[in-house]
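Student: I would like a close look at one part of this structure. Please take me through it in one go.

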Amino acid sequence: MQELSIKQILSQEIKAFFKLKKSDRLWHIPVLASLCIGIPLLIGLAFDNVKSGLLASLSGLVILYIPTANSIVSRMATMLICSFGFMVSYAIGLIFSFNPFVSTIVFGIFSTMVYWINLYFKTKPPASFFFIMIASLASGMPHDLSSIPQKIGLIAMGTMLACTLALIYSFLVKRKNHKKDAAIISDLLVKSKYADLVEAMIVGSFMFTSMLIGHVLKFQNPYWIPISCLAVMQGVNLYHIWQRVIHRILGTFLGLGLCWLFLSIIHTPFSICITIIALQFIIEILIVRHYALAVIFITPMTILLAEAANPLIQNPDLLIATRFLDISIGSLIGAIGGWFVHNEKIRFYTTMKIRKAKLVVMGK
């Protein structure tokens, strides 16, 4: 009987793996995301400065936070707030990158704060992911104080382009079903503020741990570990988290094979730019339908976006092996972190400790 149950579970998982979910997401968003990524890349290419174009296009990902069902005013306010958040995230990562251990501590604290803010305001996916990802990427860059204003300026330019395109899109495409701004907080009391804080503290500590492991093991780009860790930890429950681990590692393995193929074929900056734009469009089509399938394309896109200016890209075999190790380690750490996040005993015990500490501070 037990063996039959295991077979049934495996059968369900296999069927689920090959099944595409239904989605009401408009095709406009993938096109908009591709434009926000692609225009800075092509401008950078035109001025023979692909490296700057890559940085500006990274901040173009802010377009993924556009709320498609709200009023234009609410939509643009969200875009501006998220754009400012992108700049702050990148600035904090750059400023404290002078020392790997100081950078790791600041990154852990920053991750806790950003995650808690997103929980407090009930931000929809991708929620805190890209803010933490950008801070992680910046903290892994060589520290150069004189170049910080220029880099933050490029991030600002990328977000300005995304906001401009979002405004044009808002005037061109008007949806009939606008949500009232007051109705956005329908599930505000689902969790207590203490539970939110506990979850944020757990995520922040695992961001700190994953980045620290990358530095201790002397990985060239340690930021891949916390990025993979966070991607897995964002599962809605333990089952979803372990499913994401399997999907992410399998998808990454296939995606790295696809990336190796791309790196073997494409050699010019123009071909790299076009490949990134095409991959971004495919990802936005698939991400809401099938996570593992999307990861196959996310892997080469993120590698090209983050590593296109890296000399290591000229050695595809070494780059692929390194990235697979980074992502696998990060995914496994994320699975452990997800267990802590969804363990009710840990959450309850920590919540009680926070309440007691608050009473002591208040003198009650």
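Tutor: What follows starts with buried helix residues and then turns to two loops. The model is predicted: local features need pLDDT of at least 70, side-chain atom pairs count only at pLDDT 80 or more, and totals for chains, interfaces and linings use all residues. Residues are numbered from 1 along each chain as its sequence is written, and side-chain values use heavy atoms, with hydrogens and water left out.

Start with T104. This residue sits in helix α5, residues 100-120. Helices here are DSSP runs of H or I with at least four residues, numbered from the N terminus. T104 has 0% relative accessibility, so it counts as buried. Buried means under 20% relative accessible area, exposed means over 50%, and partly exposed lies in between (1.4 Å probe, protein chains only). What does T104 touch, apart from its neighbours within four places in sequence? Its contacts are F208, M211, L212 and H215. Contact means heavy atoms within 4.5 Å.

Now helix α6, residues 129-139. It is mostly covered, with eleven of its eleven residues buried. Among them are F129, F130 and F131. I132, M133 and I134 are also buried.

Next, the loops. D48 lies between α2 (28-46) and α3 (50-59). D48 is exposed, at 72% relative accessible area. Its phi is positive, about 55 degrees, although D48 is not a glycine.

K218 lies in the loop between α8 (193-216) and α9 (224-233). K218 is exposed, with a relative accessible area of 72%. Its phi is positive, about 60 degrees, and K218 is not a glycine.

How values were computed:
Helix = DSSP H or I, 4+ residues; strand = E, 2+ residues; numbered from the N terminus.
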